[in-house]
Amino acid sequence: MKNKVMMASVAALLLAGTATGVQARTVVVRAGHMIDVVAGKRVDDAQVVVTDGRITAVGKRGDAVPQGAEVIDLGGRTLLPGLIDMHVHLTGDPRYSGYRGLEYTDAFWTVVGVANAKKTLDAGFTTVRNVGAGNYDDVALKQAIAEGYITGPRIVPATYALGATGGHCDSTEFPPSIHADAPGVADSADAFRALVRKVRKYGAEVIKVCATGGVFSKTDSVGAQQMNDAELKAVVDEAHMLGMRVAAHAHGTAGINAALRAGVDTIEHASLADAESFRLAKEKGAALDMDIYNDDYILAEGEKNGVFAESLEKERMIGRKQRETFRAAHAAGVTLLFGTDGGVYPNGNNALQFAKMVEWGMTPIEAIRAATLTAAKFLDKTGDVGAIEAGRYGDLIAVDGDPLADVRALEKVSFVMKGGEVAKAAPPR
């Protein structure tokens, strides 16, 4: 019934366009196979019709083609909906870790974000949630992409991550004689409420808080809770009142459970989540967003990249435990999202996480759904992204091979379409 309503709405829009003399642009994409993420299966000889950026029909190769439509035939490749990464930092580059980043001006990171946005889209990620950026850079990237100045994915920006003085979201790498602005730092429930309103005013669409310490912050314990219960509750209440979801950076058990009791929507990292965390997540309808690939990169490249020695030690302590927690959470039936922490390792390599998710307990279709259907739900964008269905955006990717048989096929995306526009053309075969 829902699809019929969507189709009727799309048809009405097309008729209205014809009546006013506006010619609708239609693209037909054909492929040997398609992953139906809703049904959880592969279908053969797929054909998708995209009109003015949105899907208007999903059928079989050979179905009638609208007059004047552009046809893109991908041969034997496999179509999927555009992928969604729920935890990235587009303005980050791990090669400038530790104190190395201080060699560059503030605007340098905006330009880094321009390059990373293209890499991310080319990798098949047509939507990302950017959970933390300085200078409102993620909003600037979103605006520049929307206006056609640069190429990149759809961005759901958080702007500044919010946290306590001396915590993971503060600048803790300097002595007292050096002052560093900390626009996302507060120390009371009311002050956090004000910060939620402020970042929303300047473009935030999701709120990110740092409930515990972290790997890459100096002077704190990776698992220690850093925002008290009242502060967490104030952020959640204010954000939810404004129609925004809340993502909480949280490694330690106490901070994870405090954030879940406060009503946050997603727990980022969730390294030391326990059985109570799993119970709370299911009770509250929250999801865990666990970046279980990047431990490989951090331990292999971190020292060369300038990562603080204490951060590498924290990563050694937390990395494998996080993967074990991922497996336990999956077995317990907790909702798991696809979030990579891109920027801590190179943006554009996001798909490397799929194989880790399968290695640690998921089936390929579960991992794919975590980056499509489930992610769209937690962005409140199920009508726009996350599946190849009539009414949603024409966000399509194609790979060689069958990702349900070998999920690593997603590491080499050969075709990307965003909103009916080809962002990466498939090479000839």
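Let's start with how helix α2 passes helix α3: the crossing is right-handed. Keep in mind that we are looking at a predicted model. Two packed helices are described by the angle between their axes and the distance between the axes. Here α2, residues 108–122, and α3, residues 137–146, have axes that come within 10 Å and cross at roughly 50°. That angle makes α2 oblique to α3.

Who does the touching? On the α2 side you can find Trp 109, Thr 110, Gly 113, Val 114 and Ala 117, and they meet Asp 137, Leu 141 and Ile 145 of α3. Sorted by class, this contact has five nonpolar residues, two polar ones and one charged one. If you look at the spacing of the numbers, here is a handy rule: an α-helix has 3.6 residues a turn, so residues three or four places apart point the same way.

Let's stay with α3 for a moment. Which of its residues are buried? They are Asp 137, Asp 138, Val 139, Leu 141 and Ile 145. Those buried residues pack against α2, but also against the strands β7 (125–130), β8 (154–157) and β17 (413–418). Just after α3 comes Gly 148, with a positive phi near 85°.

Now find Thr 91, in the loop between β6 (83–88) and α2. Is Thr 91 buried or exposed? Its relative accessible area is 12%, and under 20% counts as buried, so Thr 91 is buried. Setting aside neighbours within four places in sequence, Thr 91 is in contact with Trp 109, Val 112, Gly 113, Ala 133, Asp 137 and Leu 141. You have already met some of those names: Trp 109 and Gly 113 of α2, and Asp 137 and Leu 141 of α3, also take part in the helix contact.

On to a second helix pair, α4 (residues 189–201) and α5 (residues 229–241). Their axes are 8 Å apart and the packing angle is about 30°. Angles under 35 degrees count as roughly parallel, and therefore α4 and α5 are roughly parallel to each other. This crossing is right-handed. From α4, the contact uses Ala 189, Phe 192, Arg 193, Val 196 and Arg 197; from α5, it uses Ala 230, Glu 231, Ala 234, Val 235, Asp 237, Glu 238 and Ala 239. By class, that gives seven nonpolar residues, five charged ones and no polar ones.

Next, the cysteines. How many disulfides are counted here? The count comes to one. It joins Cys 169 and Cys 210, whose sulfur atoms are 1.8 Å apart. The torsion about the S-S bond is about 50°, so this disulfide is right-handed. The pair links distant parts of the chain: Cys 169 sits in the loop between β9 (163–164) and β10 (185–186), while Cys 210 belongs to strand β11 (residues 206–210), and the two are 41 residues apart. Their surroundings are worth a look too. Cys 169 is partly exposed, at 21% relative accessible area, whereas Cys 210 counts as buried, at 1%.

My last stop is Pro 346, in the loop between β15 (335–337) and α10 (352–359). With a relative accessible area of 25%, Pro 346 is partly exposed. Try finding Pro 346 and Asp 93 together on your screen: they are 253 residues apart in sequence, yet 6.3 Å apart in space, C-alpha to C-alpha. What does Pro 346 touch, not counting residues up to four places away in sequence? The answer is Pro 94 and Tyr 297.

Terms used
Residues are numbered from 1 along each chain as its sequence is written. This is a predicted model: local features need pLDDT of at least 70, side-chain atom pairs count only at pLDDT 80 or more; totals for chains, interfaces and linings use all residues. Side-chain values use heavy atoms; hydrogens and water are left out. Axes are lines fitted to C-alpha atoms, for helices over the stretch in contact, and angles run from 0 to 180 degrees between N-to-C directions. Helices (H or I, at least four residues) and strands (E, at least two) are DSSP runs, numbered from the N terminus. Angles under 35 degrees count as roughly parallel, over 145 as roughly antiparallel, 65 to 115 as roughly perpendicular and the rest as oblique. A crossing is left-handed if the near helix is turned anticlockwise from the far one by less than a right angle, and right-handed if clockwise. Contact means heavy atoms within 4.5 Å. Ala, Val, Leu, Ile, Met, Phe, Trp, Tyr, Cys and Pro count as nonpolar, Asp, Glu, Lys and Arg as charged, and the others, Gly among them, as polar. A disulfide is a pair of cysteine sulfur atoms within 2.5 Å. Buried means under 20% relative accessible area, exposed over 50%, partly exposed in between (1.4 Å probe, protein chains only).
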